[in-house]
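Student: I have a model open and I'd like to check the labels people put on it. Can we go through them one by one?

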Amino acid sequence: MIRYILSSIILITLMILFTHCNSVQINTHNKNNKADMVNAKNNNLSKKEYSTYHTFKAVFKGIKYNKCLGRTAMCPVDCGSSGNFANFKILKYENLEGGGLARRERLKKYTIQTSDYHKNSFNNPNTKFIDKLKPNDEVDIEIVFIYDPTIPVVKTIEKVISIKKSH
């Protein structure tokens, strides 16, 4: 009996140590570029049961460094939840579409990760654009959230379609 309890405790501890950090912020450094998202939009992702499509105007509030909560062995360096995050306050929604079971609430703020733990900037068009923004610049942001209910812990895949200055 004691052997069973000890092996259970060890197994649970290992699962906790080697599980990725679940952070509120969402990484975008490996997200698709605009061309991929045009294909995603044309494939009616916004009409699928577990996806939502958001377009909104936002104001850039600046970039802040965030260190993850340190809950796993990979934290804070390798978990992917530490780094610089661009912060936006949403001013006005242009469009919000979602299929049946998808979460469809309107966001009030939005963050995009722009660097890793060591502050090495991600090499993608969104990061390069954000680095040129000044506080209080207004932007138009288009994103798709896809929820994968086929796995035990539902994960959200976030794809930034476009981010550009408002006119």
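Tutor: Sure, let's begin with a term: a polar contact is a pair of N or O atoms within 3.5 Å; within protein, one must be able to donate a hydrogen and the other to accept it, and residues adjacent in sequence count only if both atoms are side-chain atoms. Before we apply that, note that this is a predicted model, where local features need pLDDT of at least 70, side-chain atom pairs count only at pLDDT 80 or more, and totals for chains, interfaces and linings use all residues. Residues are numbered from 1 along each chain as its sequence is written, and side-chain values use heavy atoms, with hydrogens and water left out.

Student: What makes the pair of S82 and Q113 a polar contact?

Tutor: The backbone oxygen of S82 lies 3.0 Å from a polar atom of the Q113 side chain, and the limit is 3.5 Å, so the distance qualifies. The Q113 side chain also has a polar atom 2.9 Å from the backbone oxygen of S115.

Student: Why is Q113 called buried?

Tutor: Buried means under 20% relative accessible area, exposed over 50%, partly exposed in between (1.4 Å probe, protein chains only). Q113 has 1%, so it counts as buried. This residue is found in strand β3; strands (E, at least two residues) and helices (H or I, at least four) are DSSP runs, numbered from the N terminus.

Student: How do you know that β1 and β4 pair?

Tutor: Two strands pair if DSSP finds at least two bridges between them. Nine bridges join β1 (residues 51-66) to β4 (residues 138-148), running antiparallel, so the rule is met. One of the partnerships is T52 with F145 in β4. The open sheet of five strands is ordered β3-β2-β1-β4-β5.

Student: What makes β3 and β5 edge strands?

Tutor: Each pairs on one side only.

Student: Why is the contact of D140 and K57 called a salt bridge?

Tutor: A salt bridge is a side-chain nitrogen of Lys or Arg within 4 Å of a carboxyl oxygen of Asp or Glu. For D140 and K57 the N to O distance is 2.9 Å, so the pair fits. D140 is in β4 and K57 in β1, so the pair ties together parts 83 residues apart in sequence. At 19%, D140 counts as buried, whereas K57 at 23% counts as partly exposed.

Student: How many salt bridges does the structure hold?

Tutor: Three. Among them is K165 with D137, at 3.5 Å.
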